[in-house]
Every structure is written in C-alpha cells, then in structure tokens.
Amino acid sequence: MPIDLTASGFLFDMDGTLVDSHAVVERQWGRLAADHGLDIDEILRVSHGVQAIDTIRRFLPDLSPAEQTAVADDLVAREEDDIDGIVEIAGAAAFLDAMAAAFAPVALVTSAPRSLALARLDAAGVRRPVVVVTAEDVERGKPNPDAFLLAAERLGLDAASCAAFEDAPAGIAAAVASGAQTVVVGGAVTAETPALARITDYTGLVVDIAHDGGAPVWRVSGA
C-alpha cells in the first residue's frame, strides 16, 4: 500500500516487522505447549509481540514465579539456538541500510531479550540499530508504551516525532499509545488499524532527508 510520511526518528519492532521468525516460534512454543499440555493455537493467538514471561504467566499461572522464570529462560535459550528458517521481511535489510546511509535515527523496540533479538537480526542479515530496547529494559512490556517511549528518549527525541513500525496487536497498541505515527507491517487488524498507514513489506520504499524549520526530518515514501 502507498506510504508517505515524515519523522524525526524511526522505531522498529523485530519479529514479524523486520524478521520473519514464525517457523522458530511455532517449533519452540509448540514444544513448550506439548510439555505442559497446552493448546499451541491458543498460545500463538495471544503471544505475538508480548514478552515470553507474560505469556507463560498467563498460561501457567499455577507455577511459582521462580518456575515461570525458569520456563521462560529455557524457552529463550532454545530459541537462540534455533535460527533455521529465520529470514528478513522482504526489503527490511536494504531499508535499514538506506536509513543508515541517510543518517536517520533508528531504534529497535522488541519484546524479545537482547541476546535473542541480536541473534535473529544477525541470522536474517538485518543491521543492528544503534539503539536497542529489549525486554530487559522495561518493567512493563507491550501493549504498554514504555518500550517505545524509552527508545525515543534514547534517540534524544519525543515519541510523537517518530514513526513506529509494528505488526502485532500488542505492539500496535503500544506504538499508538506512545504517540508515535504508527505503520502496520502486514495484515493485522485491530481497533486502531483503520486509521493507520500500512505496508506489506519494505520493497520499493525510499528514504530521503529533508528539513523542518532547520531540524532534519526524514521522508519515507513508496508503494
């Protein structure tokens, strides 16, 4: 779909937004579901874009906090070792390279732990943004806006001056709540999405630097 926006900085979710990791997610959450007698389809329906520990607390509420943390840590360790099938969302690597060439401020805003996030970016061949905000950096994960607000702050910007790219309902809600211009990547439909810009992937997007009263801004356009 056509897009034309200007922003002072750019905030990107990872899974489903820059990186296609669905094969790994289905394998590893499927194993966890089988181990605990859970419905994998129900897990996948609500887990995307949410911190793993929050999903585990939801589906395994009878475990102690220490046991829940151990399950989450084991899941993340298995996911870090499983990179088979991880690829970029079409055009993502070239788009972030173009952002870097234009000196646009870029941050990663993900519910994944830092080690997992960096492993998946590397596996998909997508450059690591200078600012990386992960699960360890915020007490409240998506759909709360904290991670987007922190990422904008670390870029030295107000979130309202940034554009946020997201694919999952929890992440879309978080980005909108932060005040950022929100771009939906893919086909998610929520109460917020009718009013939002949407792209299928990054193929054909162009980044240009401009100025707004002397302050640099960047324009993203394309079909």
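**Exercise 1.** In which loop is Pro143 found? State also the geometry of the peptide bond that precedes Pro143.

*Solution.* The model is predicted. Step 1: locate the residue. Pro143 sits in the loop between strand E6 (131-133) and helix H7 (146-154). Step 2: inspect the bond. The peptide bond from Lys142 to Pro143 is cis, and its omega is near 20 degrees.

**Exercise 2.** How many cavities of 30 Å³ or more does a search of the whole structure find, and which residues line the largest cavity?

*Solution.* Step 1: count. The search finds 1 cavity. Step 2: take the volume, which is about 40 Å³ for the largest cavity. Step 3: list the lining. Gln51, Thr110, Ser111, Thr134, Ala135, Val138, Gly141, Lys142 and Ala147 line this cavity. Lys142, in this lining, also begins the cis peptide bond to Pro143. Step 4: sort by class. The lining has 3 nonpolar, 5 polar and 1 charged residues.

**Exercise 3.** Describe helix H4 (residues 65-81) by its span, its buried residues and what covers them.

*Solution.* Step 1: check the span. H4 has 17 residues and reaches 25 Å from its first C-alpha to its last, close to the 24 Å expected at 1.5 Å a residue. Step 2: find the buried residues. These are Gln68, Val71, Ala72, Leu75, Val76 and Glu79. Step 3: look down the axis. The buried residues of H4 fall within an arc of 130 degrees, so they line one face of the helix. Step 4: turn to the face directed away from the buried side, which carries the exposed residues Ala66 and Asp81. Step 5: identify the cover. Helix H1 (22-36), helix H3 (52-59) and helix H6 (114-124) are among the elements that cover the buried residues of H4.

**Exercise 4.** Is Phe103 buried or exposed? Comment on its phi angle.

*Solution.* Step 1: place the residue in the loop between helix H5 (92-101) and strand E5 (106-109). Step 2: read the backbone. Phe103 has a positive phi of about 60 degrees, although it is not a glycine. Step 3: apply the cut-off. Exposed means over 50% relative accessible area. Phe103 has 71% relative accessibility and therefore counts as exposed.

**Exercise 5.** Is Ala151 buried or exposed, and which residues does Ala151 touch, not counting residues up to four places away in sequence?

*Solution.* Step 1: Ala151 lies in helix H7. Step 2: its relative accessibility is 0%, so Ala151 counts as buried. Step 3: with residues up to four places away in sequence left out, Ala151 touches Leu11, Ala107, Val109, Val131 and Val133. Step 4: compare sequence and space. Ala151 and Leu108 are 43 residues apart along the chain, and their C-alpha atoms are separated by 7.5 Å.

Methods. Residues are numbered from 1 along each chain as its sequence is written. This is a predicted model: local features need pLDDT of at least 70, side-chain atom pairs count only at pLDDT 80 or more; totals for chains, interfaces and linings use all residues. Side-chain values use heavy atoms; hydrogens and water are left out. On a 1 Å grid over the protein atoms alone, a cavity is a set of points where a 1.4 Å probe fits but cannot get out, and a pocket is an open set with protein on both sides within 12 Å along at least five of seven lines; lining residues have an atom within 4 Å of a point. Grid points are joined across faces, edges and corners, and a volume is the space filled by probe spheres set on the points. Ala, Val, Leu, Ile, Met, Phe, Trp, Tyr, Cys and Pro count as nonpolar, Asp, Glu, Lys and Arg as charged, and the others, Gly among them, as polar. Helices (H or I, at least four residues) and strands (E, at least two) are DSSP runs, numbered from the N terminus. The expected span of a helix is 1.5 Å times one less than its number of residues. Buried means under 20% relative accessible area, exposed over 50%, partly exposed in between (1.4 Å probe, protein chains only). The arc is that of the directions from the helix axis to the C-beta atoms. Contact means heavy atoms within 4.5 Å.
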